[in-house]
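Let's sit down with a structure and practise reading its cysteines and one of its helices. Have the sequence and the 3D view open side by side.

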Amino acid sequence: PEPENHTLMTGFVLSGLSNHPQLQLLLFVTLCLTYTITITGNLLILVATVHPRLHTPMYFFLRVLSLLDISTASTVVPKMLVSFLSEDRSISHLGCATQLYWVIFLTATECYLLAAMAYDRYVAVCSPLRYAAIMNSRVCLSLALLACCSGNVVSVMQTAWVFTLPFCGPRKLNSFFCDIPPLLVLSCSDTFPYEAQLTLATVLVLFTPCCLILVSYTCIISSTLKMSSAEGRQKTFSTCSSHLIVVTLYYASGTLIYLRPKSSNSQDTKKFLALIYTTVVPTLNPLIYSLRNKDVQDVLSRMMADMVKK
């Protein structure tokens, strides 16, 4: 290809979420509302978990999760909202690489963090007398840092590798953000070696934590069945089912996209799956993990009451 046609020199153009002009306003309003709910819900969690009453391992992990969700949504959604109002959907080469790095870093970190949270719940339910000793502040901080470091390693490797590929021909990415599958479609070289290592990375980032989560919740459910209190069993099952629904959405959507990045799945399907883990799950997490929690509700109610009094 001629140098002037090389994508490294010219950047990319994002196709956006939909090519139907009549849907642009509806999608803009919907995503704007979703983004507002995401930011508001996760900020409430951050504010609530600062309260001394909620200084426990579970709420420490929820605070980190909220930071990740705010960051993930903010990396993808604002650019997408601007594209609905502007005809310019271009993104520079550096901008695309930066966005890809942050999306991979944040989502990979969240995968590992969800596994740490499942382990925390396992210890709390299955070893309640040793919980404080096992899940001390040092262990919690170490697990969070390990999740972040692992996410960073994965992101640096994937971003650096995919941007060493030569991109030729049309500069249009069939996506609403810079992601690996649409970038591979634009490559004019053999991508099989990259796809092979991406499959391995997908197993390490998605399957391994997912298996740990399933094992943790299996043990939790097994212990719950031995409880004498029917109310306790019902509460635990309700919490576990809610958590597993979110985990399933998150891991399943990522697996279907990255396990076979150049599969025959339609691009519209992949856009929908990407929308789940970048936009929908960050909106659901505060509702599923925290805002239904009585302790969080009490703390927020007291904070609001104090603000009204002032």
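Q: Does Cys178 count as buried or exposed, or put simply, which label fits Cys178?

A: Bear in mind that this is a predicted model. The cut-off for buried is under 20% relative accessible area. Cys178 has 0% relative accessibility, so Cys178 counts as buried.

Q: Which cysteine does a disulfide join to Cys178?

A: The general idea first: a disulfide is a covalent bond between the sulfur atoms of two cysteines. Here the bond joins Cys178 to Cys96, with an S to S distance of 2.1 Å. Because Cys96 lies in helix H4 (residues 93-126) and Cys178 in the loop between strand S3 (172-173) and helix H7 (180-186), the pair ties together parts that are 82 residues apart in sequence. Cys96 also counts as buried, because its relative accessibility is 0%.

Q: What is the handedness of the disulfide between Cys96 and Cys178?

A: For that, look at the torsion about the S-S bond. For Cys96 and Cys178 it is about -125°, so this disulfide is left-handed.

Q: How many disulfides does the structure hold?

A: There are two. Cys168 and Cys188 also form one, and their sulfur atoms are 1.9 Å apart. This pair links distant parts of the chain, 20 residues apart: Cys168 sits in the loop between helix H6 (137-162) and S3, and Cys188 in the loop between H7 and helix H8 (192-225). Cys168 counts as buried because its relative accessibility is 13%, whereas Cys188, at 44%, counts as partly exposed.

Q: What is the pairing when the bonded cysteines of the chain are numbered in sequence order?

A: The pairing reads 1-3, 2-4.

Q: Which cysteine sulfur is nearest to that of Cys148?

A: That of Cys149, at 6.9 Å, and Cys148 is in no disulfide. With 27% relative accessibility, Cys148 counts as partly exposed. You can read Cys219 in a similar way: Cys219 is in no disulfide, and the nearest cysteine sulfur, that of Cys126, is 5.7 Å away. Cys219 counts as partly exposed at 29% relative accessibility.

Q: Now for a helix: what span should the 29 residues of helix H3 have?

A: Here is the general idea: an α-helix has 3.6 residues a turn, so residues three or four places apart point the same way. For H3 (residues 57-85), 1.5 Å a residue gives an expected span of 42 Å, and the end C-alpha atoms are 43 Å apart, which agrees.

Q: Where in H3 does a kink lie?

A: Look at Ser74, shortly before the proline Pro78, where H3 has a kink of about 30°.

Methods:
Residues are numbered from 1 along each chain as its sequence is written. This is a predicted model: local features need pLDDT of at least 70, side-chain atom pairs count only at pLDDT 80 or more; totals for chains, interfaces and linings use all residues. Side-chain values use heavy atoms; hydrogens and water are left out. Helices (H or I, at least four residues) and strands (E, at least two) are DSSP runs, numbered from the N terminus. The expected span of a helix is 1.5 Å times one less than its number of residues. The bend at a residue is the angle between axes fitted to the seven residues ending there and the seven starting there. A disulfide is a pair of cysteine sulfur atoms within 2.5 Å. Buried means under 20% relative accessible area, exposed over 50%, partly exposed in between (1.4 Å probe, protein chains only).
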